[in-house]
Amino acid sequence: MNSKKEILRKPLAYDGLLKKTELIRVCKIPDGTVVIDLNQNIAGRGAYVKKDLSLFNLIKKKKMLKKALKCDVDDLIYEQIYQLLIK
């Protein structure tokens, strides 16, 4: 019985918990730069975005990443997330 527990996270603008594989992690690294963490292993303050275009639009409209990461988020990051979502 070596069943591994699923790692669950609560994404922005979503009321439930989801597996990490269903999410995109955005991370503020210690030097203050905001990056998209595709491997989900960069050290720093992170926030999760569900792979859902309608939720992403709400996150962008309400500037939820700025609030979660406690720093300004460049429009380039939002564009990169959008590109990941439409693939």
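Two strands count as paired if DSSP finds at least two bridges between them. That definition is met in the first view of this predicted model, where strand 3 and strand 4 are joined by 4 bridges and run antiparallel.

**View 1. Strand 3 and strand 4 form a hairpin.**
Between the two strands of this hairpin lie 5 residues, and in the turn glycine 32 has a positive phi of about 95°. One pair of bridge partners can be followed here by eye: lysine 28 stands across from valine 34, which belongs to strand 4. The bridges between strand 3 and strand 4 number 4, with the strands in antiparallel pairing.

**View 2. Three strands make up an open sheet in the order 4-3-5.**
The pairing within this sheet is antiparallel, and its edges are formed by strand 4 (34–37) and strand 5 (45–50), each of which pairs on one side only. On average, neighbouring strands of the sheet are turned by 30° against each other, if direction is ignored. Helix 3, which covers residues 75–86, packs on the sheet and touches strand 3, strand 4 and strand 5, while its direction makes about 15° with that of strand 4. Strand 3 (residues 23–28) also pairs with strand 5, in the antiparallel sense and over 6 bridges. Within that pairing, cysteine 27 is found opposite glycine 46 of strand 5.

**View 3. The largest nonpolar core of the model has 18 residues.**
The residues with the most contacts inside this core are Val26, Val34, Leu65, Leu69, Val73, Ile77 and Ile81. Two or more residues each are given to the core by strand 3, strand 4, strand 5, helix 1 (53–61), helix 2 (64–69) and helix 3. Of these elements, helix 3 gives the most, with 4 residues. Valine 73 offers a good place to look at individual contacts, since leaving aside residues up to four places away in sequence, valine 73 touches Val34, Leu65, Lys66 and Tyr78.

**View 4. Phe56, Tyr78 and Tyr82 come together as one aromatic cluster.**
A pair of aromatic rings is described by the distance of the centres and the angle of the planes. The model has 2 aromatic pairs by the rule used here. In one of them, phenylalanine 56 and tyrosine 78 form a tilted pair, with 6.3 Å centre to centre and 55° between the planes. Because phenylalanine 56 lies in helix 1 and tyrosine 78 in helix 3, this pair ties together parts that are 22 residues apart in sequence. Phenylalanine 56 is buried, with a relative accessible area of 3%, and tyrosine 78 is buried too, at 6%. Phenylalanine 56 also forms a tilted pair with tyrosine 82, for which the values are 6.4 Å centre to centre and 35° between the planes. This pair likewise links distant parts of the chain, with phenylalanine 56 in helix 1 and tyrosine 82 in helix 3, 26 residues apart. Tyrosine 82 counts as partly exposed, at 32% relative accessibility.

**View 5. Cysteine 27 and cysteine 71 are in no disulfide.**
A disulfide is a covalent bond between the sulfur atoms of two cysteines. The count of disulfides in this model comes to 0. For cysteine 27, the nearest cysteine sulfur is that of cysteine 71, and it is 9.8 Å away. A disulfide needs the two cysteine sulfur atoms to lie within 2.5 Å, so a separation of 9.8 Å does not qualify. Cysteine 27 counts as buried, with 0% relative accessibility. Cysteine 71 is also in no disulfide, and at 17% relative accessibility cysteine 71 counts as buried because the cut-off for buried is under 20%.

**View 6. Lysine 70 sits in the loop between helix 2 and helix 3.**
At 59% relative accessibility, lysine 70 counts as exposed. Even so, lysine 70 has contacts with other parts of the chain, for when residues up to four places away in sequence are not counted, lysine 70 touches Lys28, Arg45 and Leu65. The view also takes in glycine 32, whose C-alpha atom is separated by 9.8 Å from that of lysine 70, although the two residues are 38 residues apart along the chain. Glycine 32 is the residue with a positive phi, about 95°, in the turn of the hairpin formed by strand 3 and strand 4.

Methods:
Residues are numbered from 1 along each chain as its sequence is written. This is a predicted model: local features need pLDDT of at least 70, side-chain atom pairs count only at pLDDT 80 or more; totals for chains, interfaces and linings use all residues. Side-chain values use heavy atoms; hydrogens and water are left out. Axes are lines fitted to C-alpha atoms, for helices over the stretch in contact, and angles run from 0 to 180 degrees between N-to-C directions. Contact means heavy atoms within 4.5 Å. A nonpolar core is a set of buried Ala, Val, Leu, Ile, Met, Phe, Trp, Tyr and Cys residues joined through side-chain atoms within 4.5 Å. Buried means under 20% relative accessible area, exposed over 50%, partly exposed in between (1.4 Å probe, protein chains only). Rings of Phe, Tyr and Trp (its six-membered ring) pair if their centres lie within 6.5 Å; planes under 30 degrees apart count as stacked, over 60 as edge-to-face and the rest as tilted.
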